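User: I'd like a close look at how one helix packs against its neighbours in this model. Could you walk me through it and then put it in the setting of the whole chain?

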Amino acid sequence: MKTTEKWASLILRLVIGFGFMAHGWAKLSRGTAGFEKLLVQTGVPFPHLTSYVVPYVELLGGLAIFIGALTIIAAVPLIATMIVAMVTIQFKYGYSSVKTIGLTSNGPVFGPPGYEINLLYIAGLIALMLYGPGLFSIDRWIAGRKSNSTSNLRKL
């Protein structure tokens, strides 16, 4: 892997990991009841259970992506949450994640987001799965330790 790809993976990992952690923390810090109401309104299956599981998947999965630990494993449930949100909520609002629907004296008024951001998160996670977590990651550190221990065993 080229050095530029390693840096690109690092930047992607930090942005995506932070984004998921921020969304997970927002759901948890406000309490899951509001999120559960949204899930009920949109017809998501098992809204009570989902309202507890999704914030932790986002928070802990985002942290794993952020530090580059178990990147491939962490990406799978995060992709699943993006697909479910896209299908159950955002598809009906179209593609664009930014919809200006009006202008007031306080500034623009935005409508509900489409599925654009979901696709960007999914694409970024797939890129990390394909190219690896990049520089300064736990996965890379572990791989380096395994490589060193294997080469030390060969010397014996």
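Analyst: What follows looks at helix 3 and its packing partners, then at the chain around them. Keep in mind that this is a predicted model.

Let's start with how such packing is described. Two packed helices are characterised by the angle between their axes and by the distance between those axes.

Helix 3 covers residues 47-67, and helix 2 covers residues 32-42. The two pack at an angle of about 125 degrees, and their axes are 8 Å apart. Angles over 145 degrees would count as roughly antiparallel and 65 to 115 as roughly perpendicular, so this pair comes out as oblique. As for handedness, helix 2 passes helix 3 in a right-handed crossing. On the helix 2 side, the contact is made by Thr32, Phe35, Glu36, Leu39 and Val40. Helix 3 answers with Pro47, His48, Thr50, Ser51, Tyr52, Val54 and Pro55. Sorted by class, that contact has seven nonpolar, four polar and one charged residues.

Now for the other partner, helix 4, which spans residues 71-90. Here the packing angle with helix 3 is about 145 degrees, and the axes lie 9 Å apart. This time the crossing is left-handed. Helix 3 brings Val54, Val57, Glu58, Gly61, Gly62, Ala64 and Ile65 to the contact, where they meet Thr71, Ala74, Ala75, Pro77, Leu78 and Thr81 of helix 4. By class, you get eight nonpolar, four polar and one charged residues. Val54 is worth a second glance: it is listed in the contact with helix 2 and also in the one with helix 4.

Ile67, in helix 3, has a link to another part of the chain. Ser137 touches Ile67, along with Arg13 and Gly68, leaving aside residues up to four places away in sequence. Ser137 itself sits in the loop between helix 5 (116-131) and helix 6 (138-155). With a relative accessible area of 5%, Ser137 falls under the 20% cut-off and so is buried.

Stepping back, the chain has six helices and two strands, and from the N terminus its elements run α-α-α-α-β-β-α-α. Its radius of gyration is 19 Å, well over the 15 Å that the globule rule gives for 156 residues, so the chain is more spread out than a compact globule. The C-alpha atoms fill a box of roughly 70 × 35 × 25 Å along the principal axes. Of the 156 residues, 33% count as buried. Among contacts with a separation of 6 or more, 64% join residues 24 or more positions apart.

Definitions and conventions: Residues numbered from 1 in each chain as written. Predicted model: local features only at pLDDT ≥ 70, side-chain atom pairs only at ≥ 80, totals over all residues. Heavy atoms only, no water. Axes fitted to C-alpha atoms, helices over the stretch in contact; angles between N-to-C directions. Helix = DSSP H or I, 4+ residues; strand = E, 2+ residues; numbered from the N terminus. Parallel < 35°, antiparallel > 145°, perpendicular 65-115°, else oblique. Left-handed = near helix turned anticlockwise from the far one by under 90°. Contact = heavy atoms within 4.5 Å. Nonpolar A, V, L, I, M, F, W, Y, C, P; charged D, E, K, R; others polar. Buried < 20%, exposed > 50% of the residue type's maximum accessible area, 1.4 Å probe, protein only. Rg over C-alpha atoms; globule rule 2.2 N^0.38 Å.
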